[in-house]
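Dear colleague,

Please find below the structure that I am handing over to you. I would be grateful if you would look through it together with the notes that come after it.

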Amino acid sequence: MVRTASQGDREQMAKKFLTVLSVILIFTAASAGAGEAGPFVTLMTHDSFAVGRATLKAFEEQTGLELKTIKTGDAGAALSQAILSKNNPLADVFFGVDNTFLSRALKSGIFAAYSSPGLAGIPAELRLDRHNRLLPVDFGDVCLNYDKGWFKEKGLPPPADLDDLLKPRYKDLTVVQNPATSSPGLAFLLTTVGRYGEKGYLGYWKKLRQNGVYVSTGWSDAYYGQFSRAKGGTRPIVVSYASSPPAEVFFAKEPPQEAPTAAVLAPGSAFRQIEFAGLLRGTKKEKEAKKLLDFILSPVFQKDIPLNMWVFPAREDTPLPEVFVKHTRVTDEPVRLDPEKIGASREKWIEGWTEAVLR
Amino acid sequence: MRPRVRFLLIVPVLVFLGVFYFYPLASIFGLSFWGEEGGGAGNLIKLVQTGYYARVLWFTFWQALLSTLLTLLLALPGAYVFANFNFRGKALIQSLTAIPFVLPTMVTAAAFQALLGRGGLLNGLLMGLFGLQSPPIQMEQTVWFFLLAHVFYNYTVALRIVGGFWANLPRDLTSAARLLGASPLGAFGRVTLPLLAPPILAASLLVFVFCFTSFGVILILGGPTLATVEVEIYRQAVQLFDLPLAAALSLVQILFTFGLMALYTRYEGKTAVSLMPEVLGDIRRKAKAGLEKTLIWSNFILMALLLGAPLGALVLGSFLTEEGLSLAYYQGLAQNRAQSILYVAPLKALFNSLAIASIATLIALVLGFLAAAFLAGPRGRGAGLLDPLFMLPLSTSAVTLGFGFIIALDRPPLNLRSAWILPALAHALVAFPFVIRSLLPAWRSIPASLREAAACLGASRFLIWRTVDWPILSRALAVGAVFSFVISLGEFGATVFVARPQSPTLPLAIYRFLTRPGAMNYGQALAMSCLLMAVTALGFLVLDRMGRVREGS
């Protein structure tokens, strides 16, 4: 076989490729190695955690600590990994346990008690752990959202309550998420358990099934796939958050006067998801970890929560951004369920739901 | 190759697999079955008590089989066209076919929904055209919806692995058969097809394993009533924290794939044929009029419908705002509305993605090359066992491996749990089976006589390698590089549950946009997907050029 010119060509290309590769490698190694120095504290959390630049700077100035974050998947996956690494914690503070995972988190024993002074500003109803191993940081109400434009165009009144969904005129209009795979899906299932009781919730779901409810896997494919505001979607009622209407305004190309969607916040039709943070037992940086927890509960951080994580701050005295004040509110009477009870029965409830709705 | 040298080749591969695959896996299994978090094996009885898990395994198996058959059926004509003909824009089209591989599941689902959903483009068109009252296509949450998506994802695997090999096939055998009176179809069935068996099998295996461990596609497009073993593992491990059950299911998944691989390896050995490779560039030609042109064109139409339409829908979506066409979503990528540190500058995410993908590709190529060099040698007990073993990372549940990393890699010198290199290592683990599968058929096809002839003529070992082996292998290596690169860029499989520091990649940034309401979030997710697509296509063009002899030069 004769060596042709084109082979030489190819080798040259290969050499070029390798050069580019090594340059990238060196840069990566350099950027990964930089900035190791200085005291720091590590926060382990899920993918939805966010904080503003100015807030982060305030933390670093106040405490002289750099904040490092480690993220790993959704809230359930992050908590599982924290539990798995309990003998040698990955971080000093964990953020992102919600009340549906609270009992599992406490039972695992990975959190150490810390009565932060910041707790003083937080209403008692959010403080679900009496021993302060998990401190409430924020909350969000999972509820029905509807497409205002769709209902206006059809001349139908929008749903005002969970019971409305069973009416014939709302047939085939609703999309919910599978509680076995989705966090808002589970929260909505818990809403019905709290509202209709353990004996009655399956009856509600059977009727909802007859009225053509659509079950999607997660929030994204419901909201961006089936919801009538999505491309290709046809259903104007979706399970989402009370903060979704202001988010629709904030993340519009040109912010409209009025939100294109609205939340159904009648008494007994929303579930309050409360998110907690805690000090990881076994950390070698307890002092620094406490500083971080104090900061998370302080007004500076709390004020920053709504526009970054799209939930409500736990501190009562926190001023809300205008877009929240104008386009949503906090429900007066969310459904309440004891976290202990949720921990003990969630699997049973999900199985019952699966049997009633999917099989 | 001398046995000792051959043994040395495989040592680095075994060490890598041992440290980054078997050790984490053994740790998580140990903890699940015997550790304090495991809580014993009391729940394991569920596995056999109800018929549920048997049904899940059965469903996982047949959907993977059906997906593989469909993919082959649709991609083989493409492989023929790409291996035999030259036409304008060929390199570009070929690189475009691999783009689906990098798209996050949610983005693909959105594209399919926009096209084929109840309120989708096609239904709208048909309803308008024929004056229908209800949408005629109701595929949502059916088996067909995700089968289509599996073909969308895997088309390129079959196209490249089979097409790459086909292009090297000597044509004189077919010509001889024709001369001896065989019909074109007869020559194809009795000469070409048997020769193509190794790459077809290799591609089928990859597609099958890919679909066997499918997670997001089935969850989202198949709907909540369908569950694969992978979905059940996620549910048990993350939602219910039932580690023993999750570990047992992972084990079932691994053993099943291992058995399948062992069967394949035995069969593959029988199909390999040594061939005198064709001098490249002479084979592929311009299509003649008539039948060949029709074939090429119908293939283009198929590709346009299958791959082009969903991708086109994404591109269109990234420009289409409520007020008409605009660049708003792309401009939005450069703004940080909430001044959040989580805001990811697209260039930063792009850099992270490319850096990780480059490292992963490099590792996967080195490991895959060494492993293939070992496996291509004389068949012994070692190869029969190792080959199936090398495929296992591809078939291992992402959750299980991610959890294994957390508990196994937690102490120096392996304190890598939150190291920046961990995602790259995880990607390399999943990518290197692809490199092996692309290399091996080519490597085994190199006739010993060619090397012997060169040696007789006085060529040194190195010269033989340079002039005989390398020209044949380089094309296969380029195919392997393409796959490694896209697997890493697309954050495929085992990497979702790996903890990572603050260095989001493009797919993670897209995912972040898609978990928030608001037109700008959705639009920017699409815009970023298009960025990812563009980078991928560009990367392939470069890689393809390296693996391809430039005609006429």
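The notes below cover the confidence of the model, one group of strands in chain A, one residue there, and chain B.

Please bear in mind that this is a predicted model. Its overall scores are an ipTM of 0.83 and a pTM of 0.85.

Strands of chain A

I began with strand 3 of chain A, which spans residues 93-98. Six of its six residues are buried, so this strand is largely enclosed by the rest of the structure. Strand 3 of chain A has pairings with strand 1 and with strand 10 of chain A. Strand 1 (residues 40-45) runs parallel to strand 3 and is joined to it by two bridges. In strand 3, A:Val93 is the residue that stands opposite A:Leu43. The pairing of strand 3 with strand 10 is antiparallel and extends over five bridges. Here A:Phe94 has A:Gly278, in strand 10, as its bridge partner.

A residue in strand 10

Which strand holds A:Glu275? This residue belongs to strand 10 of chain A, which covers residues 271-280. Is A:Glu275 buried or exposed? The cut-off for a buried residue is 20 or more other C-beta atoms within 10 Å. A:Glu275 has 26 C-beta neighbours inside 10 Å and therefore counts as buried.

Apart from neighbours within four places in sequence, the contacts of A:Glu275 are A:Gly96, A:Asp98, A:Val137, A:Asp138, A:Phe139 and A:Val311. One further distance may help you to find your way around: the C-alpha atoms of A:Glu275 and A:Trp310 are separated by 12 Å, and these residues are 35 apart along the chain.

Chain B

The secondary structure of chain B consists of 22 helices and four strands. Of its 553 residues, 52% are buried. When contacts between residues at least 6 apart in sequence are considered, 83% of those in chain B join residues at least 24 apart.

The mean pLDDT of chain B is 82, and 89% of the residues score at least 70. Among the elements of this chain, helix 3 (residues 52-84) has the highest mean pLDDT, at 92, and strand 2 (residues 285-286) the lowest, at 70. Over residues 549-553 of chain B the pLDDT is below 50, and in the model this stretch has eleven contacts beyond near neighbours in sequence.

Yours sincerely

Methods:
Residues numbered from 1 in each chain as written. Chains lettered and ligands numbered in written order. Predicted model: local features only at pLDDT ≥ 70, side-chain atom pairs only at ≥ 80, totals over all residues. Buried ≥ 20, exposed ≤ 12 C-beta atoms within 10 Å, placed from the backbone. Contact = placed C-beta atoms within 7 Å. Pairing = 2+ DSSP bridges. pLDDT = per-residue confidence, 0-100.
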